[in-house]
Amino acid sequence: MREDLLSAVEADFQLLREENERTEISRREEIRRNYPEIEKLAEEREELIHGTIRKILSGGEQAEKLPEIMEEKNARIRTLLREAGLPEDYLSPVYRCPVCRDTGYTGDPVRTRCDCFRKAYQKKLRESIGLGNGSRETFESFDAARIPADMIPEIGRSQRELALFARQQCEQWADRYPENTRKNILLTGPSGTGKTFLLRAVAERLIERDFPVLVISAYRFIEIARKSYFEGGEGMEELLDIPVLMLDDLGSEPMMKNITVEQLFNLVSERNARGLSTLISTNLNLEELVNRYTERIVSRISDPRNTLVIILQGKDLRSV
Ligand SMILES: [Zn+2]
């Protein structure tokens, strides 16, 4: 788990607990102001608890009847709250997660992280690596039924067949990582044929398996590259270091003289030299890629010895 994200989630939980406490205080104040009868019972209940603790600590008698008396008072408080048009649990401790009461931990004496904490961490992780917080795109949520099954005459296969094959290849790749013989993936095909979906599904699977991955748009890549070209800075270092980098929608970024081609070349060569995985999606076909980025880049991002080239075809699924 990443330390920076863990600290951020811890801080969120701290804020949540403070907010819970403020809610409890303001509710109690409201009761004190407007419902003297309930307030009186609540005070008696507190005295009962504190008095009993004092007795137990001083070695005095244990109040055997305490649970019974407590339940009587609680029942009375619930009734009065209901009659006042308030929820029955209005004076109960406030928390979002009943399992850990927003501490983020469960278990005693051995503490483990609560599921709610792990979920919050995963959410932050997905945001931080570019998966956003929208609906998750996973192999499980891949829906082949909405992909046209009619034959594409030029290739003798349907769009659905191609997509299912691509899905299978991507999933296998994600499950085998880092033992893949081919370190890279190039996904090409017209827009809306599911390339970004598959990239994200690979990313999700790698996260599940605890491998570090980063998803950025080609547009964002050029912003980082331009900044580091003109102003220095460490933006490029992360892109060169991350074990799995996904560059989404190559070809959509602005073509900047001396920068786009050069920086892209440096990125893919350096990552290949380091044995790291780079996954690229693009709407451009190989010929268009060569025209835009030159042969020497394309030979590096589509070299069949270390790149799994996946070609999608068909209609834009967002419009079918
Ligand atoms: Zn919890």
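In the predicted model, strand β7, which spans residues 244-250, pairs with strand β8 in the parallel sense, and 5 bridges connect the two. Two positions along this pairing can be named: L247 has I280 of β8 as its bridge partner, and L250 stands opposite T282, again in β8. The connection between the two strands involves helix α9 (residues 260-273), and β7, α9 and β8 together make a right-handed β-α-β unit.

Both strands of this unit are covered by their surroundings. For β7, 7 of the 7 residues are buried, so this strand is largely enclosed by the rest of the structure. Strand β8, formed by residues 277-282, is likewise described as mostly covered, with 6 of its 6 residues buried. In a regular strand, side chains alternate between the two faces of the sheet. In β8, one side carries S277, L279 and S281 and the other carries T278, I280 and T282; these residues are all buried, and both faces of the strand are thus covered.

Beyond its pairing with β7, strand β8 is also joined to strand β5 (residues 184-188), and these two strands run parallel with 4 bridges between them. Within this pairing, T188 stands opposite T282 of β8. T282 therefore provides a point of reference on β8 for both of its neighbours, since L250 also stands opposite this residue, and T282 is counted among the buried residues of the strand.

On the other side of the unit, strand β7 pairs with strand β6, once more in the parallel sense and over 5 bridges. The bridge partner of V213 in β7 is V244, while I216 stands opposite L247 of β7. L247 thus appears in two of the pairings described here, facing I216 in one of them and having I280 of β8 as its bridge partner in the other.

These pairings belong to an open sheet of 5 strands, in which the order is β6-β7-β8-β5-β9 and the pairing is parallel. The edges of the sheet are formed by β6 (213-217) and β9 (307-311), each of which pairs on one side only. On average, and with direction ignored, neighbouring strands of this sheet are turned by 10 degrees against each other.

Although β6 is an edge strand, a residue placed within it, V215, is buried, with 22 other C-beta atoms within 10 Å. V215 and R126 are separated by 89 residues in sequence, yet their C-alpha atoms are 9.5 Å apart in space.

At the level of the whole chain, the domain assignment gives domain 1, covering residues 3-119, and domain 2, covering residues 129-319. The centres of these two domains, taken over C-alpha atoms, are separated by 50 Å.

Two helix pairs were examined for their packing geometry. Packed helices are described by the angle between their axes together with the distance between those axes. Helix α1 (residues 3-34) packs against helix α4 (residues 115-128) at an angle of about 125 degrees, and the axes of the two helices are 10 Å apart. That angle makes α1 oblique to α4, and the crossing of these two helices is right-handed. Helix α4 contains F117, which counts as buried because 23 C-beta neighbours lie inside 10 Å. F117 and G134 are 17 residues apart in sequence, and the distance between them in space, C-alpha to C-alpha, is 19 Å.

The second pair consists of helix α5 (residues 159-176) and helix α6 (residues 195-208), whose axes come within 9 Å and cross at roughly 25 degrees. Helices α5 and α6 are therefore roughly parallel to each other, and α5 passes α6 in a right-handed crossing.

Technical notes
Residues are numbered from 1 along each chain as its sequence is written. This is a predicted model: local features need pLDDT of at least 70, side-chain atom pairs count only at pLDDT 80 or more; totals for chains, interfaces and linings use all residues. Domain bounds come from an automatic or database domain assignment. A residue is buried if 20 or more other C-beta atoms lie within 10 Å of its own, exposed if 12 or fewer, and partly exposed in between; C-beta atoms are placed from the backbone. Two strands pair if DSSP finds at least two bridges between them. A crossover is right-handed if, with the strands pointing away from the viewer, the path from the first strand over the helix to the second runs clockwise. Axes are lines fitted to C-alpha atoms, for helices over the stretch in contact, and angles run from 0 to 180 degrees between N-to-C directions. Angles under 35 degrees count as roughly parallel, over 145 as roughly antiparallel, 65 to 115 as roughly perpendicular and the rest as oblique. A crossing is left-handed if the near helix is turned anticlockwise from the far one by less than a right angle, and right-handed if clockwise.
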